[in-house]
Amino acid sequence: MSDRRAVKPTITAFERSPDEGKGLARDMRVRWALEEVGQPYDVRLVSFAEMKESAHRALHPFGQIPTYEDGDLTLFESGAITFHIAQRHAGLLPTDRNARARAITWMFAALNTVEPPIVAREQAFYTERKESWYKERLPVLEGRIRVKLDDLSRRLGKADWLDGGFSAGDLTMVLVLRRLDGTKILEEYSNLYAYVARAEARPAYKRAFAAQLAVFNSASTAS
Ligand code: GTB
């Protein structure tokens with residue numbers, strides 16, 4: 001049941017995203033979910049320093065983005081925020097109870113099964129790439145990603161979406177897969193590559209992407 005508010009929710013995002021507007025930071029999940037359900041929102045941009053201050057930590061115990069404020073409700077964790085939006089509005093979760101449970105399962109699978117090896121590779125790249133052993137470690141980390149993508153690719157097969165129509169499960173999975181940007185791993189799986197492209201063609205995705213890119217562009221021209 002849709003529950004559009006007169007007062008818009010406010011989310012937080014990087015004042016200057018390290019991804020340079022590629023839409024890889026986790027506010028993209030929240031922006032896209034809000035766009036899919038047609039809920040307008042405000043964005044409060046925060047610097048890295050502000051994220052660690054007590055005012056922001058009151059919203060987010062780990063001093064990160066994104067957060068979500070709507071009236072007397074404050075949330076953190078992009079998955080929980082996406083789930084909340086999907087519960088509160090029509091459009092991101094099926095109404096059939098079992099189909100809904102399966103879509104939610106895909107959200108968890110994206111965050112708990114597919115994302116961890118992708119993040120492990122990313123973190124190793126940022127923190128260990130100058131180490132002598134990094135060259136041997138990278139194939140191990142990438143192998144763990146491929147184990148998950150092999151299975152995901154097999155399950156998706158020729159379908160457009162993971163379980164029937166587009167859902168919050170697809171939204172979450174697609175943005176997890178997009179984190180492989182620049183690695184060429186996703187390109188090895190033609191159906192997953194097409195799956196991400198199909199999602200990126202959605203008008204709501206395009207609006208969310210453009211909004212986060214506009215933040216990066218205006219920060220770049222301001223400095
Ligand atoms: N589990 C939390 C969630 O899903 O909301 C994780 C939140 C999180 O990691 N937030 C990051 C953050 O605030 C931004 S998204 N980091 C600052 C800090 O911890 O001090 C992670 C991210 C950052 C940059 C890129 N990039 O440059 O490509 C991609 C993803």
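The crossing of helix 4 and helix 5 is right-handed, and I should say at once that we are looking at a predicted model. Two packed helices are described by the angle between their axes and the distance between the axes. Here, helix 4 covers residues 78-88 and helix 5 covers residues 97-128. Their axes come within 11 Å and cross at roughly 165 degrees. That angle is over 145 degrees, so helix 4 is roughly antiparallel to helix 5.

Which residues of helix 4 and helix 5 meet? From helix 4 come Gly79, Thr82, Phe83, Ala86 and Gln87, and from helix 5 come Arg100, Ile104, Met107 and Leu111. Sorted by class, this contact has five nonpolar, three polar and one charged residues.

Let us turn to the aromatic rings. The structure holds eight aromatic pairs. One of them joins tryptophan 161 to phenylalanine 166, with the ring centres 5.0 Å apart and 75 degrees between the planes. This pair is edge-to-face.

Are the two partners buried or exposed? Residues under 20% relative accessible area count as buried. Tryptophan 161 has 12% relative accessibility, so it counts as buried. Phenylalanine 166 has 11%, and therefore counts as buried too. Both rings also belong to a cluster, in which ring pairs link Trp161 and Phe166 with Trp32, Tyr195, Tyr205 and Phe209.

My last topic is the backbone. Most residues other than glycine have a negative phi, and most peptide bonds are trans. I would like to show three places that depart from this pattern.

Where is the cis peptide bond? The bond in question runs from isoleucine 65 to proline 66, with omega near 5 degrees. Proline 66 sits in the loop that lies between helix 3, residues 54-57, and strand 3, residues 67-70.

The next place is glutamate 20, which is not a glycine and yet has a positive phi of about 55 degrees. You will find glutamate 20 in the loop between strand 1, residues 10-14, and helix 1, residues 27-37.

Finally, consider lysine 184, again not a glycine, with a positive phi of about 70 degrees. Lysine 184 belongs to the loop between helix 7, residues 168-177, and helix 8, residues 190-200. Is lysine 184 buried or exposed? Its relative accessible area is 60%, and the cut-off for exposed is over 50%, so lysine 184 is exposed.

Terms used. Residues are numbered from 1 along each chain as its sequence is written. This is a predicted model: local features need pLDDT of at least 70, side-chain atom pairs count only at pLDDT 80 or more; totals for chains, interfaces and linings use all residues. Side-chain values use heavy atoms; hydrogens and water are left out. Axes are lines fitted to C-alpha atoms, for helices over the stretch in contact, and angles run from 0 to 180 degrees between N-to-C directions. Helices (H or I, at least four residues) and strands (E, at least two) are DSSP runs, numbered from the N terminus. Angles under 35 degrees count as roughly parallel, over 145 as roughly antiparallel, 65 to 115 as roughly perpendicular and the rest as oblique. A crossing is left-handed if the near helix is turned anticlockwise from the far one by less than a right angle, and right-handed if clockwise. Contact means heavy atoms within 4.5 Å. Ala, Val, Leu, Ile, Met, Phe, Trp, Tyr, Cys and Pro count as nonpolar, Asp, Glu, Lys and Arg as charged, and the others, Gly among them, as polar. Rings of Phe, Tyr and Trp (its six-membered ring) pair if their centres lie within 6.5 Å; planes under 30 degrees apart count as stacked, over 60 as edge-to-face and the rest as tilted. Buried means under 20% relative accessible area, exposed over 50%, partly exposed in between (1.4 Å probe, protein chains only).
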